Structure formats: structure tokens, C-alpha cells
Amino acid sequence: MSLLLNSSLTGASSACLLRREKCRRRGRGHVHGVTCHQGGNDDRREAARQQRSRLLLDRRDMLLGGLGGLYGVTAGPKVLAEPIMPPDLSKCHDANAPALDNHCCPPYSGSETILEYDFPATPLRVRRPAHLVKDDQEYMDKYKEAVRRMKNLPAEHPWNYYQQANIHCQYCNDAYYQQNTDDVPVQVHFSWIFLPWHRYYLHFYERILGKLIDDDTFTIPFWNWDTKDGMTFPAIFQDAASPLYDPKRDQRHVKDGAILDLKYAYTENTASDSEIIRENLCFIQKTFKHSLSLAELFMGDPVRAGEKEIQEANGQLEVIHNAAHMWVGEPDGYKENMGDFSTAARDSVFFCHHSNVDRMWDIYRNLRGNSVEFNDKDWLHSTFLFHDENEQLVKVKIQDCLNPTKLRYTFEQVPLPWLGNINCQKTAETKSKSTAELSLKRVGEFGTTPKALDASNPLRVIVARPKKNRKKKEKQEKVEVLQIKDIKVTTNETARFDVYVAVPYGDLAGPDYGEFVGSFVRLAHRKKGSDGTEEQGPKKKGKLKLGITALLEDIDAEDADKLVVTLVLRTGSVTVGGVSIKLLQTDTPAVI
Ligand code: C2O
């Protein structure tokens, strides 16, 4: 069964969908942390939640007020807690983008006037799934014509197809430093900036395409990879004679109906198509379920102006999205085009892929009753610059893109099979066996020294939980989060490891890694070699945060004191500095 997401649902009732589905599956009136009845308390909870976030905001204001001049002024290495501001466009410099000879700066400079964006007043435009627009000849003709015109614009025109693609390189491959710094790059990945920045980027791209064919209703399609029929490479980008075509792709994946693998790591998944489809749906379901009560788990951690030393933590949606980049791009060399940020947007499928990422955010928001994800001025006021559909350089703030209807677009409503009843728990064969029958091994704690992951020998550690058998209310207030810190990617190649959790037998663990929780992924990120040598690996360390409250309920591990955590390196070269389990304050206590 699949559920249709109805955007006219009230926030509170849409927030219940996942819980209700869970109750339905369990067939009981009450399961851990979830009361199975319809409505009622939800409205009250919602009101309480809103009040709570207002209070939080007020308290922050008070604190900031109390700190007086300290806020925003240098206060040791943390400094400048302020929204990210756009860079000075006249100060674009060489990027870390060897696939493009390190050049992706725009031809224009910083001398243009910057205006506030005049939000469009068009009728609501509907983005449709790529696999369904393929037979709409009229639409396809328009789409191709618009992209053809974009490609034919003078090379220096800000709307030119490759200028549009270069924007992605500028903001992902360190072509700008943040204002008032000379070494903190503007980076739109690995943080809470990721989804809003890409939303605006797509919006302007879409509006420009519409303008080029003089059609105010034009929308780009979305690659509906969260449903079975959409899990192959969209056919509309495959015709070599079409302007939507790009030869720099992994031909094995884009040609013959291969199924996209959301855990792809440059090795082919040999499971059956139906198994890969199930795995993909489960990965999406888990991602929503595990991160529903805390936005940073889904969207990424805060980043503020001038911050240099923070450990970047992307949300699990960004992790899922990376797989499609890797799977579409060439498997070798610079992984062009999709597999490297500097070149990714040179393939038209990039925008179609990101349109679905954007849709996933919209669904997430709906499921959380449309509540603001981060009630934080540093997020809401973060500002970006784009050329709009009138060739005007404009600035836009995150707070104005949270609801796509302000940008006058929405998504066609299609079934969400991952929200339905799919069997995502592993069958634990081990449970029926006696401990004597299992080959149990002693598993140690992580300790204090960083560890290099080894593809042939997964890292297994035992980790204490802060609290077991937590009450429903405690779970509503705090989500249990598995944290892996000081993640250092030590080469410029793509890196990925997957994380599993199981219940140990004392200090012993069986051979089964247990339940898949989520992944860490960094795309290949080549560095320029000013003196001919390549600097290896991103400077910043990363952090991975995975919500496990719902997962532990699903695997009946509520009463475990400790968990066995297994890190399986899938590709690349990675060192990690620690594994722990923490309780973090939720931002929507009504949902788990
Ligand atoms: Cu800016 Cu899919 O990446």
C-alpha cells in the first residue's frame, strides 16, 4: 500500500502519517513511544511545540542581548555567529577544480547593482516526474528548446548554460572566500545551507529557462527516484541528439535500465532489481523516520559566517543524494560530469535530480507540520546572490524559500511507496540460535586513538548508551543519536562508509552486523596543486549523526545497555576519531 501525501492535510495530521503507518503494521493500539490513535492530542502538541520554539527563540535573543557587544564581534576562535553572506563577486579566484583547469569564475564582476529579488507572481507551476513527462511531446519540445537556447547564448552571458553550471563549481569548489576572511571558502554543501541554496539555484535556472521560451508556467521535471518506475536513469536525458544529453556519464548505468543504487560506492550491486528497489525504499524510509524529530539529522548541521574549525556534518538526505551523483558520473578520472561537484551541473540531469532532493525536503517539511526547521536567525537570514530571470543580480534569504509556493512552484503529487508498508527490518536469524551456535567475538571500545577504516576488515566497536528503556515522554524530548566524529577523508577520492547497529551478547558480538542505519559520503574533491603537488584530502574533518530512537524500537533493542556499531568502508580512505551515543534535544517532540 502506498500513501498519497496531501499537502492540504493539516500540519499536525500529516506529521502522524509515519506513526500511523507504524501502528497499522504492528496491528496494536500502542507501541513504544507511539500512541496509536487519530488526531486529538496532535493539535495540542503542535501548539505546545510552537510555543516551545517561540520560547527558545526568545531565550536566544535574551542571551544574545545579555552578551551585548560580544555577539558578532571577535570572541576567541568561535567568533562571528552570524548568517552566511554572499561573497564579493569581484574576488573570485581559481577553484579546486582540475577538471575545469581550476577556472569557473563568472565573466562578470562585482560592479553590478544588487537588488532584492522580486518574487514571481505566476500561477502555481507544477513540477512533474521525469519518467512521466517523457510522453508529453509538447512539454518535452519546450524543455529541449529552452535548454538549446540556453546553450546557444553568448559564452559570457550569465544565463549561458555553462555559466549556470559554473555557479555550482564556484560555491562548491572554493572559488570564493567569505567576506572579511581570506581563507574561509563559501561552501554550500555539508551543512544546513545545502537544501536552501540548491532550492534557489534550481528556481532561478527554471525561471531563466521559462523566460527563454517565453513561458511563465515552465517547470523542470524531478527524477522520481523514490518510486520503482523512477529508479532508472530518466529516459528523457538519453537521446544523444537532444540538448539534454551529456556524453560524460557511466554508460553502464544510463543505458540499459539499470536500477539506481542509493548505496552506490563505485562497485556494482549484484542483488536482484527488486532487492535493490526494496533497499532504496527502506533507506529513504529510515532516513525520514530517524530524522523526523531533529532537522539537522536530515538537513545538516549549522554553519555560520567565518566558521573555520567546525566539523562539517551533512544530513542524511545529502548522503542519499550523493549516490546518484556517483552513479551517473563516469567511474574513472574526474568522475565527470555528475560525480564531481565542479562539473556536476554541466549535465542537465543534475537539475532534475536536485528537483527531487528539493521535493524530499518539501515532504519532510509537510510531515513535520510545516514547522520551521531551524528557528535560528543565522539560518533564516543567510543570504545568496543569483542572476534572476530578468538578468538582474539579486539577493535572497533562506527565510523566503522555506515554502516553495512563495517561489510559485509545487510538485505533482505521486505515491510515496517508502512511506507505506515495506519490510525494512532484517530478519535476525541469529535470534533463534543459541550463543554457543554463533561464533561470537570480543568487541572492544573505540578508545582514544583515531582509527583508519579498512575495507576488508570492518571496524566494530562496543558503545554504551546514555540511557536504556527510555519512557515515551523522554523520547519525545530527546532523540538518541549515534555520532561518529573527527572523520578525516585522507585522499581526494570519493569516500563512503556504511553504519550498522546490533545488540551485543555482553561484550561479545556475532558475525551479523545487524541493522543498517545510514552512511557517510564525500564526493571526490580534487585540489589544485599550486606547486604541482596535490594537497590530499579535505582540510575540514566531518561528523556523522544518525538518529536511532526509532531504529532501536524496531529491532527491539530498548533494553540494551550497549550497542555494537560496525563501520563498513565501501570506497576511499577514511580515518575516524570516535563513536558515541548521545541524547539530543528534539525540535518536534510530537513525532518520533
Ligand atoms: Cu551541489 Cu548535488 O550538489
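Analyst: Let's start with a cut-off: a residue is buried when its relative accessible area is under 20%, exposed when that area is over 50%, and partly exposed in between. Please keep in mind that the structure above is a predicted model.

User: Thanks! Why is Cys92 called buried?

Analyst: Cys92 has 19% relative accessibility. The cut-off for buried is under 20%, so Cys92 counts as buried.

User: What makes Cys105 partly exposed?

Analyst: The relative accessibility of Cys105 is 29%. Partly exposed covers what lies between the 20% and 50% limits, and therefore Cys105 gets that label.

User: How do you know that a disulfide joins Cys92 to Cys105?

Analyst: Look at the sulfur atoms: from S to S, the pair spans 2.1 Å. Two cysteine sulfur atoms within 2.5 Å count as a disulfide, so Cys92 and Cys105 qualify. Their link is left-handed, with -90° about the S-S bond. Both cysteines sit in the loop between α3 (41-67) and β3 (114-116), so the bond ties together parts that are 13 residues apart in sequence.

User: How many disulfides does the structure hold?

Analyst: It holds three. Besides the pair we just met, Cys104 is bonded to Cys169, and Cys282 is bonded to Cys424.

User: What makes the Cys104 and Cys169 pair a disulfide?

Analyst: Their sulfur atoms are 2.2 Å apart. The limit is 2.5 Å, so this pair passes as well. The torsion about its S-S bond is about -70°, which means that the disulfide is left-handed. Distant parts of the chain are linked here: Cys104 belongs to the loop between α3 and β3, Cys169 belongs to helix α6 (residues 161-172), and 65 residues separate them. Cys104 and Cys169 are both buried.

User: Why is the disulfide of Cys282 and Cys424 called left-handed?

Analyst: The torsion about its S-S bond is about -90°, so it gets that name. The sulfur atoms of Cys282 and Cys424 are 2.1 Å apart. Cys282 lies in helix α9 (residues 273-291), while Cys424 is in the loop between β7 (409-411) and β8 (441-442), so the bond ties together parts 142 residues apart in sequence. Cys282 and Cys424 are buried too.

User: Why is Cys172 not bonded to the closest cysteine sulfur?

Analyst: That closest sulfur belongs to Cys169, and 7.4 Å separates it from the sulfur of Cys172. A disulfide needs the two sulfur atoms within 2.5 Å, so 7.4 Å is too far for a bond.

User: Are Cys172 and Cys401 buried or exposed?

Analyst: Cys172 has 0% relative accessibility, so it counts as buried. Cys401, also with a relative accessible area of 0%, is buried.

User: Which residues touch the most other members of the largest nonpolar core?

Analyst: Tyr143 and Trp223 do, in a core of 119 residues. Helix α7 (residues 194-212) gives the largest share, 11 residues. Domain 1 (98-419) and domain 2 (441-585) each supply at least three residues. Tyr143 has contacts further along the sequence, including Leu209, Phe218, Ile236 and Leu244. Another core, of 31 residues, lies apart and has Val499, Leu551, Leu569 and Val579 among its members.

User: What does UniProt list for residues 189-206?

Analyst: An unreviewed UniProt entry lists them as "domain: Tyrosinase copper-binding". In the model, this span is 72% helix and 0% strand, and its end C-alpha atoms lie 21 Å apart.

Definitions and conventions:
Residues numbered from 1 in each chain as written. Predicted model: local features only at pLDDT ≥ 70, side-chain atom pairs only at ≥ 80, totals over all residues. Heavy atoms only, no water. UniProt positions renumbered as here; feature names shortened; annotations may be inferred. Helix = DSSP H or I, 4+ residues; strand = E, 2+ residues; numbered from the N terminus. Buried < 20%, exposed > 50% of the residue type's maximum accessible area, 1.4 Å probe, protein only. Core = buried A, V, L, I, M, F, W, Y, C linked by side-chain atoms within 4.5 Å. Domains from an automatic or database assignment. Contact = heavy atoms within 4.5 Å. Lists of a residue's contacts leave out its neighbours within four places in sequence.
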